[in-house]
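Work through the exercises below with the structure open. Try each task before reading its solution.

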Amino acid sequence: MAAPAFQITVLGSGTSVGVPTIGCRCAVCTSADPRDNRLRPSILVSFEGRNVLIDTTPDFRAQALRAGIDHLDAVLFTHAHADHIMGLDDVRPFNFRQKNRIPIFAAPATMAAIQRTFPYIFDGVRQESNVPQLDVRLLDGSPFDVCGLEFLPVPVLHGSATVYGFRFGAAAYLTDHSAIPLASLELLRSLDVLFLDGLRYKPHPTHTTVDQAVRIAAELQARRTYLTHICHDLGHQRAESLLPPHVRLAYDGLEIRVP
Ligand SMILES: [Zn+2]
Ligand SMILES: [Zn+2]
Ligand SMILES: [Zn+2]
């Protein structure tokens, strides 16, 4: 089945603490370049009037307002770290507007962690105030359909944990990884657009450096590769000037059309 054309909107390109980072006065945290303002990592995939969100960051409310999101058809979760899930309560306005349950997709361990983090959403106890109305869908590693677009979970190592990236059509979004297993690399061939973790230059136990990401990009040969989950060690303009032409830095508000 041919994938519909879609648009990817980068809602956040920053690492877990965001950029600027609280209390920091470094050149990047005080930069006037709007691309050095990075909310926590998330993208929106839009096609045929549908909006599919990957991760609900602590900045989700601000991201949805900034991008003008007026409806939400599904949420996919990469993993349950705080920077990827803590905005989940803010899907309530979509419940009010749409009067339906919003499907959320995650691996069983990720879903269990989300349910431990937000027990009041899932415990079935009637609350005096409103809570998100969600429809839980567990992923088993096979491809799954969301409103007519097929998503393929791509297992990656994030430190010692296995988390998911997602491939959809000729695009893939991998946000937190320290290693990509060979079998997963094979799922990432013939891409138009590839997102990779590009945290910083210094090695990190659970993330990928810029140099490592550039090597992965060279191996996978996507037409365009964007680094995301970026910390304040990278100023957009200078960091990008050091990259090969087919590798760019993602930035908040970036919109990419995928035919
Ligand atoms: Zn993260
Ligand atoms: Zn800083
Ligand atoms: Zn993480």
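The exercises cover metal sites, nonpolar cores and salt bridges in a predicted model.

**Exercise 1.** Identify the protein donors of the zinc ion (ligand 2) and classify the geometry of the site.

Solution.
- Step 1: list the donors. They are C24 (SG), C26 (SG), C29 (SG) and H232 (ND1), at 2.1 to 2.3 Å.
- Step 2: check the angles. Among the 4 donor atoms they run from 104 to 116 degrees.
- Step 3: apply the rule. Four donors count as tetrahedral if all angles lie between 85 and 135 degrees. The site of the zinc ion (ligand 2) is therefore tetrahedral.
- Step 4: read the spacing. Along the chain it is C-x1-C-x2-C-x202-H.
- Step 5: place the ends. C24 sits in the loop between β1 (6-12) and β2 (42-47), and H232 in the loop between β12 (224-228) and α8 (236-241), so the pair ties together parts 208 residues apart in sequence.
- Step 6: check accessibility. C24 is partly exposed at 22% relative accessible area. H232 is partly exposed too, at 25%.

**Exercise 2.** Do the same for the zinc ion (ligand 3), then find the residue that bridges to the zinc ion (ligand 1).

Solution.
- Step 1: list the donors. H79 (NE2), H81 (ND1), H158 (NE2) and D176 (OD) lie 2.1 to 2.5 Å from the ion.
- Step 2: check the angles. They span 88 to 171 degrees among the 4 donor atoms, and the site is irregular.
- Step 3: read the spacing. The donors follow H-x1-H-x76-H-x17-D.
- Step 4: locate two of them. H79 is in the loop between β4 (74-76) and α2 (82-85), and D176 is in the loop between β10 (171-173) and α6 (182-185). They are 97 residues apart.
- Step 5: find the bridge. D176 links the zinc ion (ligand 3) and the zinc ion (ligand 1), which lie 3.4 Å apart.
- Step 6: check burial. H79 has a relative accessible area of 3% and is buried. D176 is also buried, at 3%.

**Exercise 3.** Describe the largest nonpolar core and the contacts of I8.

Solution.
- Step 1: recall the tendency. In soluble globular proteins, nonpolar side chains tend to be buried together.
- Step 2: size the core. The largest one has 29 residues.
- Step 3: name the residues with the most contacts inside it. They are F6, I8, L76, F151, F166, F168 and F195.
- Step 4: trace I8. Beyond its neighbours within four places in sequence, its contacts include I43, L44, F168, V193, F195 and L254.
- Step 5: look for another core. A second, separate one of 24 residues includes L185, L196, I216 and A222.

**Exercise 4.** Which residues pair with R66 and R189 in salt bridges, and how accessible are the partners?

Solution.
- Step 1: take the total. The count is 12 salt bridges.
- Step 2: pair R66. Its side chain meets D252 at 2.9 Å, N to O.
- Step 3: place that pair. R66 is in helix α1 (residues 60-67) and D252 in the loop between β13 (247-249) and β14 (255-258), 186 residues apart.
- Step 4: compare accessibility. R66 is partly exposed at 47%, whereas D252 is buried at 12%.
- Step 5: pair R189. Its partner is E219, with the closest N and O atoms 3.0 Å apart.
- Step 6: place this pair. R189 is in the loop between α6 and β11 (193-197), and E219 is in helix α7 (residues 210-220).
- Step 7: check accessibility. R189 is partly exposed at 26%, and E219 is partly exposed at 43%.
- Step 8: extend the pair. E186, R189 and E219 are linked in a network of salt bridges.

Definitions and conventions
Residues are numbered from 1 along each chain as its sequence is written. Chains are lettered from A and ligands numbered from 1 in the order in which they are written. This is a predicted model: local features need pLDDT of at least 70, side-chain atom pairs count only at pLDDT 80 or more; totals for chains, interfaces and linings use all residues. Side-chain values use heavy atoms; hydrogens and water are left out. Donors are N, O and S atoms within 2.8 Å of the metal (3.2 Å for Na, K and Ca); water is not among the atoms, so sites may look incomplete. Four donors count as tetrahedral if all angles lie between 85 and 135 degrees; four count as square planar and six as octahedral if opposite donors are over 155 degrees apart and all others between 65 and 115; anything else is irregular. Helices (H or I, at least four residues) and strands (E, at least two) are DSSP runs, numbered from the N terminus. Buried means under 20% relative accessible area, exposed over 50%, partly exposed in between (1.4 Å probe, protein chains only). A nonpolar core is a set of buried Ala, Val, Leu, Ile, Met, Phe, Trp, Tyr and Cys residues joined through side-chain atoms within 4.5 Å. Contact means heavy atoms within 4.5 Å. A salt bridge is a side-chain nitrogen of Lys or Arg within 4 Å of a carboxyl oxygen of Asp or Glu.
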